[in-house]
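Morning, everyone. I have one structure to walk you through, and I'll keep it brisk. Please have a look at it first.

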Amino acid sequence: MCEWGYNVRIEGHLNKWGKPFYVDECIASLIQVLNDNGFLTIASCCGHGKSFGNISLRNGKELIIMPDFETARLFEKKIKEIQNGK
Ligand SMILES: [Zn+2]
């Protein structure tokens, strides 16, 4: 994870206000690939080592960036428990 405020520009894209698109350096390549392939992003944060990263897509979907497979499965299990009222 990179330090807060260490942003890089995503080439070829402007945000919804027509300004250059800057994102956290450590997830910039992921954001670039998403945008280059039509999954337009409107916001993102790597979490800076304090929380999970996230990417907000223009279509309303939200992507959560997990640190590893095990954490993702644990998170998935906890979400299912919450959904089932446990
Ligand atoms: Zn980072």
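Let's start with a pair of strands. β4 and β5 run antiparallel, and 4 bridges join them. One bridge to find on your screens: G53 has I65 in β5 as its partner. Before I go on, a caution: this is a predicted model.

Now stay with that hairpin. Between β4 and β5 there are 4 residues. One residue there, G60, has a positive phi, near 100 degrees. K61 also sits in the loop between β4 and β5. Is K61 buried or exposed? It counts as exposed, because it has 9 C-beta neighbours inside 10 Å, and the cut-off for exposed is 12 or fewer.

Widen the view to the sheet. β4 and β5 belong to an open sheet of 3 strands, in the order β3-β4-β5. The pairing is antiparallel. The edges are β3 and β5, and each of them pairs on one side only. How much are neighbouring strands turned against each other? On average by 10 degrees, with direction ignored. A general reminder here: strands of a sheet pair through backbone hydrogen bonds, either parallel or antiparallel.

Next, the loop between β3, residues 41-45, and β4, residues 53-57. H48 lies there. Look at its backbone. H48 has a positive phi of about 50 degrees, although it is not a glycine. How covered is H48? It is partly exposed, because 15 other C-beta atoms lie within 10 Å. That count falls between the cut-offs, 12 or fewer for exposed and 20 or more for buried.

How far is H48 from K61? In sequence, they are 13 residues apart. In space, their C-alpha atoms are 21 Å apart.

Now to the whole protein. It has 2 helices and 5 strands. From the N terminus, the order reads β-β-α-β-β-β-α. The C-alpha atoms fill a box of roughly 45 × 30 × 20 Å along the principal axes. There are 86 residues, and 14% of them count as buried. Take the contacts with a separation of 6 or more: residues 24 or more positions apart account for 18% of these.

Go to the start of the chain. β1 covers residues 7-14, and it runs antiparallel to β2. How many bridges join the two strands? The count is 5. N7, for instance, stands opposite D24 in β2. The hairpin of β1 and β2 has 5 residues between the strands. G18 in this hairpin takes a positive phi, near 80 degrees.

Pick out V8, which lies in β1. It counts as partly exposed, because it has 17 C-beta neighbours inside 10 Å. Buried would need 20 or more. Which residues does V8 touch, leaving aside neighbours within four places in sequence? They are Y22, V23, E25 and A28. E25 is worth a click. It is 17 residues from V8 along the chain, yet the two C-alpha atoms are separated by 5.4 Å.

A28 gives the reverse view. Beyond its neighbours within four places in sequence, A28 is in contact with V8, I10 and V23.

That brings us to the core. Which residues make up the largest nonpolar core? There are 8: I10, F21, V23, I27, A28, I31, C46 and I55. β2, residues 20-24, and α1, residues 28-36, each supply at least two of them. As a general point, nonpolar side chains in soluble globular proteins tend to be buried together.

Last stop, helix α2, residues 69-83. It has 15 residues. From first C-alpha to last it reaches 21 Å, close to the 21 Å expected at 1.5 Å a residue. How many of the residues in α2 are buried? The count is 0, so by the cut-off no residue there has 20 or more other C-beta atoms within 10 Å. After α2 comes G85, with a positive phi near 75 degrees.

So keep three places in view. One is the core of 8 residues. Another is the open sheet β3-β4-β5. The third is α2, which is hardly covered. Thanks, and over to you.

How values were computed
Residues numbered from 1 in each chain as written. Predicted model: local features only at pLDDT ≥ 70, side-chain atom pairs only at ≥ 80, totals over all residues. Expected span 1.5 Å × (residues − 1). Core = buried A, V, L, I, M, F, W, Y, C linked by C-beta atoms within 7 Å. Contact = placed C-beta atoms within 7 Å. Pairing = 2+ DSSP bridges. Axes fitted to C-alpha atoms, helices over the stretch in contact; angles between N-to-C directions.
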